[in-house]
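Got the viewer open? Here's a short tour, one selection at a time.

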Amino acid sequence: MGDVDIAALYDAWASRLLAYMIAVTRDRHLAEDALQNLFVKLATGRPRMDDPAAYLFRAARNEALRVAGRRRETPLAELDLVAPREDAPDSDRSVELARALDRLPPEQVEAVVLHALEGLSFREVGEVLGIPADTVASRYRYALEKLRTWVSP
Amino acid sequence: MSLEESLGRHHLRADAAPVRARVLDAAAAARREQRFRRLTLAVAAVALVAVAPLNFLFDGAAPRPRDPRLEREADLLVERKPDPGLHVRLRMALVLRPGPPRARFAGQ
């Protein structure tokens, strides 16, 4: 197996992974360190790239948790992480959504972030979190029920 | 707009460009170091495979012929006078001869 093109991989994935790592560590500097560690491991290891999203997000999560040591309590709303997509700039409810996400339990936040915001399937989210897809779907459903009561339609 | 639609119109945003050079430099350095380590291990393995049989070969070979000059010197020393340290010096002189251990001590 040849070496992975790290520069191409970085350009394709680094911003999404960094954002997710910030969401996990709640600290941009820690997330940058974790991102560097992740790419060093990708450069020297044999990454399994048959499902890059699941693989990279899982590796990113593991590295972010390792670097962070424990979760910090900085709210997502303060990190300016949630933003409208480039193709939907007129639907900016990012502050409201971030505040609502901050009220959810961490495991439900991860389900919403990875499925709804990052676009991973339940199966992929399950691989990232190391839990069955059904459990992810359940967490997501519970999270949406709560979010509906907190976010204005 | 439903909540799910609203969530779908948002994403997590962070710019990884400011740390691109740092991260790629670290990754390239790690990859170089790994290649060097692998190369060193390969060279060491080849050297071991090449040298190990030679050691057995020499070890089992017949002892080399003694150095006539050293033999003469030893004879002279013996003839000159009785010397309590003579045996030790001779032994040391023989030990310092080149060749594998079996060849060095073969004549003693």
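How much area is buried between chain B and chain A, and what share of that area do carbon and sulfur atoms give? About 3,400 Å² is buried between the two chains, and carbon and sulfur atoms give 58% of that area. Keep in mind while you click around that this is a predicted model.

**Stop 1: the interface**

Color the two chains separately and show what touches what. You should get 27 residues of chain B in contact with 46 residues of chain A. Turn on polar contacts between the chains next: the count is 18 residue pairs, with both residues at pLDDT 80 or more. On the chain B side, the elements that give two or more residues are helix H1 (3-8), strand E1 (10-12) and helix H2 (20-60) of chain B. H2(B) gives the most to that side, with 11 residues. By residue type, the side of chain B that touches chain A divides into 13 nonpolar, 5 polar and 9 charged residues.

Now look for charges. There are 4 salt bridges across the interface of chain B and chain A. To see one of them, select Asp11(A) and Arg20(B), whose side chains meet at 2.7 Å, N to O.

**Stop 2: strands from two chains**

Switch to cartoon and select residues 82-84 of chain A. That's strand E1 of chain A, and it pairs with E1(B) in the antiparallel sense over 3 bridges. For a landmark, pick Pro84(A): in E1(B), its bridge partner is His10(B).

**Stop 3: a look at chain B**

Hide chain A for a moment. Chain B has 5 helices and 1 strand, and along the sequence they run α-β-α-α-α-α. Color by accessibility and you'll find that buried residues make up 21% of the 108 residues in chain B. If you list the contacts in chain B with a separation of 6 or more, 58% are between residues 24 or more positions apart.

**Stop 4: Arg26(A) and its partner**

Bring chain A back and select Arg26(A), in the loop between helix H1 (6-25) and H2 of chain A. Check its backbone: phi is positive, about 60°, although Arg26(A) is not a glycine. Is Arg26(A) buried or exposed? Its relative accessibility is 16%, so Arg26(A) counts as buried, the cut-off being under 20%.

Follow the Arg26(A) side chain and you'll reach Asp102(A), with which it forms a salt bridge (3.8 Å, N to O). Asp102(A) sits in helix H5 (residues 94-102) of chain A and Arg26(A) in the H1 to H2 loop, so this pair ties together parts that are 76 residues apart in sequence. Asp102(A) itself is partly exposed, at 27% relative accessibility.

For another positive phi, jump to Asp80(A), at about 55° and again not a glycine. Asp80(A) is in the loop between helix H4 (76-79) and E1 of chain A. With 51% relative accessibility, Asp80(A) counts as exposed.

**Stop 5: charges between helices**

Select Arg61(A) and Glu110(A), which form a salt bridge at 2.8 Å, N to O. Arg61(A) belongs to helix H3 and Glu110(A) to helix H6 of chain A, so the pair ties together parts that are 49 residues apart in sequence. Both Arg61(A) and Glu110(A) are buried. While you're showing charged side chains, add Lys41(A), Glu63(A) and Arg66(A), which are linked in a network of salt bridges.

**Stop 6: around Asp51(A)**

Go to Asp51(A), in the loop between helix H2 (28-44) and helix H3 (52-68) of chain A. Asp51(A) is buried, at 13% relative accessible area. Beyond its neighbours within four places in sequence, Asp51(A) is in contact with Arg123(A), Glu124(A) and Glu127(A). Measure from its side chain to that of Arg123(A) and you'll get a polar contact of 3.1 Å.

Arg123(A) also forms a salt bridge with Glu127(A), at 2.6 Å, N to O. These two are 4 residues apart in helix H7 (residues 122-129) of chain A, which means about one helical turn separates them.

**Last stop: Leu114(A)**

Finish in helix H6 (residues 106-117) of chain A, on Leu114(A). Its relative accessibility is 0%, so Leu114(A) counts as buried. Show its surroundings: apart from neighbours within four places in sequence, its contacts include Tyr20(A), Phe57(A) and Val128(A). Leu114(A) and Tyr20(A) are 94 residues apart in sequence, with C-alpha atoms 8.4 Å apart in space.

Notes
Residues numbered from 1 in each chain as written. Chains lettered and ligands numbered in written order. Predicted model: local features only at pLDDT ≥ 70, side-chain atom pairs only at ≥ 80, totals over all residues. Heavy atoms only, no water. Buried < 20%, exposed > 50% of the residue type's maximum accessible area, 1.4 Å probe, protein only. Polar contact = N/O pair within 3.5 Å; in protein donor to acceptor, adjacent residues only side chain to side chain. Contact = heavy atoms within 4.5 Å. Buried area = accessible area lost by both parts, 1.4 Å probe. Nonpolar A, V, L, I, M, F, W, Y, C, P; charged D, E, K, R; others polar. Pairing = 2+ DSSP bridges.
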